[in-house]
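Visitor: I'd like to learn how to read the empty spaces in a model. Could you walk me through it?

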Amino acid sequence: MQRMEESIGYEFKNKELLKKALTHTSYAYENNIESNEKLEFLGDSILEFISSKYLFENYPNLTEGEMTKVRATVVCEKSLYKIAKLHNFSDFLYLGKSERKMGGEQRPAILADSVEAVIAVIYLDGGIEEAEKFIIENLKEDIEIATKHVGDKDYKTVLQEKLQEHGDVKIEYKIVKEKGPDHNKSFEAEVSFNGKALARGEGKSKKEAQMYAAQKALENLK
């Protein structure tokens, strides 16, 4: 726990809160204790509020639509996974035996969810200012980059333009998998081109999953 605290830059008064934030449903089920699911829900809301506030206060020239786009780019599984990897969250997760056997400590969705849960317990233990400090320290750079590219075309548009260079084609996106409880679902989308599957992507919303599928398809085409 001390290593974890040193890495994230916050010392907990209540260490049990941090343990709970790192407790995956698989471990909770095996040990008949509460998981971090409800904390993820709270952390997600705090993350959205703090990132919105930061954009509003620091980027007055952005329109409402541009702020929404930047926030969606930054507050996503990919960014949270990056934070988890930076602070070695995989070393501290409490996972069930079967989940660990399947390499669950490296799964982007599990790691991203644990970051949301940690944000929630920093808030519960130390207040909104401490939670804000952790969020901004870890997302400031990504927010700055996203604001510079806010006018860029999204991956779905770029993929469509690339595939239609030589005439009309049929591009389809379908949701092939849904996981998790209603308040914290994740989706897996598949993009296909004239009936041929190109790539899959996972995200917190159907739209985000489709975007990641398009991004992976573009990488594969390169």
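Guide: Sure, residue classes come first: Ala, Val, Leu, Ile, Met, Phe, Trp, Tyr, Cys and Pro count as nonpolar, Asp, Glu, Lys and Arg as charged, and the others, Gly among them, as polar. This is a predicted model, where local features need pLDDT of at least 70 and side-chain atom pairs count only at pLDDT 80 or more, while totals for chains, interfaces and linings use all residues. Residues are numbered from 1 along each chain as its sequence is written, and side-chain values use heavy atoms, with hydrogens and water left out.

Visitor: How do the residues lining the largest pocket divide by class?

Guide: They split into 16 nonpolar, eight polar and 20 charged. A pocket is an open set of points on a 1 Å grid over the protein atoms alone, with protein on both sides within 12 Å along at least five of seven lines; a cavity is a set where a 1.4 Å probe fits but cannot get out; lining residues have an atom within 4 Å of a point. Points join across faces, edges and corners, and a volume is the space filled by probe spheres set on them. Here the largest pocket holds about 1,400 Å³. Of its 44 lining residues, Lys69, Ala72, Thr73, Val74 and Cys76 lie nearest the centre.

Visitor: Which residues line the largest cavity?

Guide: Leu22, His24, Asn36, Glu40, Leu93, Ile110, Asp113 and Ser114 do. Its volume is about 30 Å³. Helices (H or I, at least four residues) and strands (E, at least two) are DSSP runs, numbered from the N terminus. Helix H8 (residues 108–126) gives the most to this lining, three residues.

Visitor: Which element supplies the largest share of the second largest pocket's lining?

Guide: H11 does, with four residues. That pocket takes up about 270 Å³, and Tyr212, Gln215, Lys216 and Glu219 are among its lining residues. By class, the lining has three nonpolar, two polar and seven charged residues.

Visitor: Why does the end-to-end distance of H11 agree with its expected span?

Guide: The expected span of a helix is 1.5 Å times one less than its number of residues. For the 16 residues of H11 that should be 22 Å, and the end C-alpha atoms are 23 Å apart, which agrees.

Visitor: Which residues of H11 are buried?

Guide: Buried means under 20% relative accessible area, exposed over 50%, partly exposed in between (1.4 Å probe, protein chains only). In H11 the buried residues include Met211, Tyr212 and Gln215. Among the elements covering H11's buried residues are H6, H10 and S3, where contact means heavy atoms within 4.5 Å.
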